[in-house]
Amino acid sequence: MLRYSAGTAGIRAAIGAVCFLWIGPSACVPGGGGQALFSGSSVSYQPGVVATLERARRVLWVGAHPDDEVSSSGLLARAKHQGASLYLVSLTRGENSYDLWGGLRRGSEIGRSRAALFAQAASVLHADGFELGPFTNGPWIHGELDLLPADAPHRDWAAGTAADDVIRKWRKEGDPVAYLVDLLRRVRPDVVVALDHHCGVTGHKEHMALARLLVEAIKSVSDSDTGLKVGSVIYSARVTPDLVACGFCTCEGEAPLQPAEEVGTAGLMPEYGLTEAGVACLVARTYEQTMLGRRWSEEQLREPCSEEAAHSAGLGRSGPFPPEVYRLYGLP
Ligand SMILES: [Zn+2]
């Protein structure tokens, strides 16, 4: 695994390869009842997700791939703004990415590039630290991707793969629960923000597998270390339009009973000069810039994100960044 302090978070990536989570309109999984919180240009926050976040002193976000944090960036910006420390973790480097921007090779090369992109996102979010875990993206184990010919076709998880298959594969590379337990002991979060175990935002089995492992790790650490108690997990409950279109075809198990909550992202973050949605926009644009080889100036990078601030100030909520949707789980 690699660990970085916030001081090294400004690394510039060469070329990245990212599968964006952040697409299109808000949608909730069946059984979830989102509630709009916007009222004209003023924003109110209902208790639950936001109240939990307001009480947090240390927030840990855990995803499976660099760029997964894009789905929660508004909430993470808010957490940091409220004075909580913020630590970001991606379990893999996303080294089995489908896209190969700039002709990078899958494996270590893509992994390094996406790790650098993750560093940039951490920098944008003013995270206090971040790290990349020691597990591999896709049906591969460490080093296998580097042995393939440069023109090898992309191979991802087979249709019908379940989250448990992903967990079995990761266990060939190490002990993911032990890694997460160690992480929790080091970061000592009171609140964890993660991708959910039912649909995993995109239906990606690695997202769902990670959510299961996290719960196992949190329960284990609470049992064995009375000085550390993670009280809540906040799951991203937004799902992508693809998942809606296929009837939630890759979701697993029963839909959770917890209601989905829409969290307004129009609050101004003075340290950025942007709203929470604007910060989320900036994180996504930072990925986009590198992936697509754009040479945007700082002004060009921020321009559409600042536009969001204008929307929240009274021009309506028609920007590309709708409220984020979460479910709150209290843990014993
Ligand atoms: Zn992902």
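Me: What happens to the backbone just after helix 3?

Reply: Just after helix 3, His126 takes a positive phi of about 55°. This is a predicted model, by the way, so every value here is computed from it.

Me: What makes the phi of His126 worth pointing out?

Reply: Most residues other than glycine have a negative phi. His126 is not a glycine, yet its phi is positive. You will find His126 in the loop between helix 3 and strand 6 (129–132).

Me: Why is His126 called partly exposed?

Reply: Count the neighbours: 17 other C-beta atoms lie within 10 Å of His126. Buried needs 20 or more, and exposed means 12 or fewer. The count of 17 falls in between, so His126 is partly exposed.

Me: Which other residue that is not a glycine has a positive phi?

Reply: Asp67 does, with a phi of about 110°. Asp67 sits in the loop between strand 4 (58–63) and helix 2.

Me: Is Asp67 buried or exposed, and how do you know?

Reply: Asp67 has 26 C-beta neighbours inside 10 Å. The cut-off for buried is 20 or more, so Asp67 counts as buried.

Me: And why is Glu54 called partly exposed?

Reply: Glu54 belongs to helix 1 (residues 49–55). With 14 other C-beta atoms within 10 Å, Glu54 lies between the limits of 12 and 20, so partly exposed is the right label. Glu54 and Arg78 are 24 residues apart in sequence, while their C-alpha atoms are 8.9 Å apart in space.

Me: How do you know that the length of helix 3 agrees with what a helix should span?

Reply: Helix 3 runs over residues 108–124, which is 17 residues. At 1.5 Å a residue it should span 24 Å, and its end C-alpha atoms are 24 Å apart, so the two agree.

Me: What makes helix 3 mostly covered?

Reply: Of the 17 residues in helix 3, 13 are buried. Helix 2 is mostly covered too, with eight of its nine residues buried. Among them are Leu75, Leu76 and Lys80. Helix 2 is followed by Gly83, whose phi is positive, near 100°.

Me: Why are helix 2 and helix 9 called oblique to each other?

Reply: Two packed helices are described by the angle between their axes and the distance between the axes. For helix 2 (residues 73–81) and helix 9 (residues 276–291), the axes come within 7 Å and cross at roughly 120°. That angle is outside 65 to 115 and is not over 145, so the pair is oblique. The contact is made by Ser73, Gly74, Ala77 and Arg78 of helix 2 with Glu276, Ala277, Val279, Ala280 and Val283 of helix 9.

Me: Then why are helix 3 and helix 9 called roughly antiparallel?

Reply: The axes of helix 3 and helix 9 come within 9 Å and cross at roughly 150°. An angle over 145 counts as roughly antiparallel, so that is the name for this pair. Residues making the contact include Leu117 and Ala121 of helix 3 and Leu282 and Val283 of helix 9.

Me: Which residues have the most contacts inside the largest nonpolar core?

Reply: Val192 and Leu214 do, in a core of 85 residues. Not counting residues up to four places away in sequence, Leu214 touches Val62, Leu180, Val192 and Ala194.

Me: How many helices and strands does the protein have?

Reply: There are ten helices and twelve strands. Buried residues make up 49% of the 332 residues.

Key. Residues are numbered from 1 along each chain as its sequence is written. This is a predicted model: local features need pLDDT of at least 70, side-chain atom pairs count only at pLDDT 80 or more; totals for chains, interfaces and linings use all residues. Helices (H or I, at least four residues) and strands (E, at least two) are DSSP runs, numbered from the N terminus. The expected span of a helix is 1.5 Å times one less than its number of residues. A nonpolar core is a set of buried Ala, Val, Leu, Ile, Met, Phe, Trp, Tyr and Cys residues joined through C-beta atoms within 7 Å. Two residues are in contact if their C-beta atoms, placed from the backbone, lie within 7 Å. Axes are lines fitted to C-alpha atoms, for helices over the stretch in contact, and angles run from 0 to 180 degrees between N-to-C directions. Angles under 35 degrees count as roughly parallel, over 145 as roughly antiparallel, 65 to 115 as roughly perpendicular and the rest as oblique.
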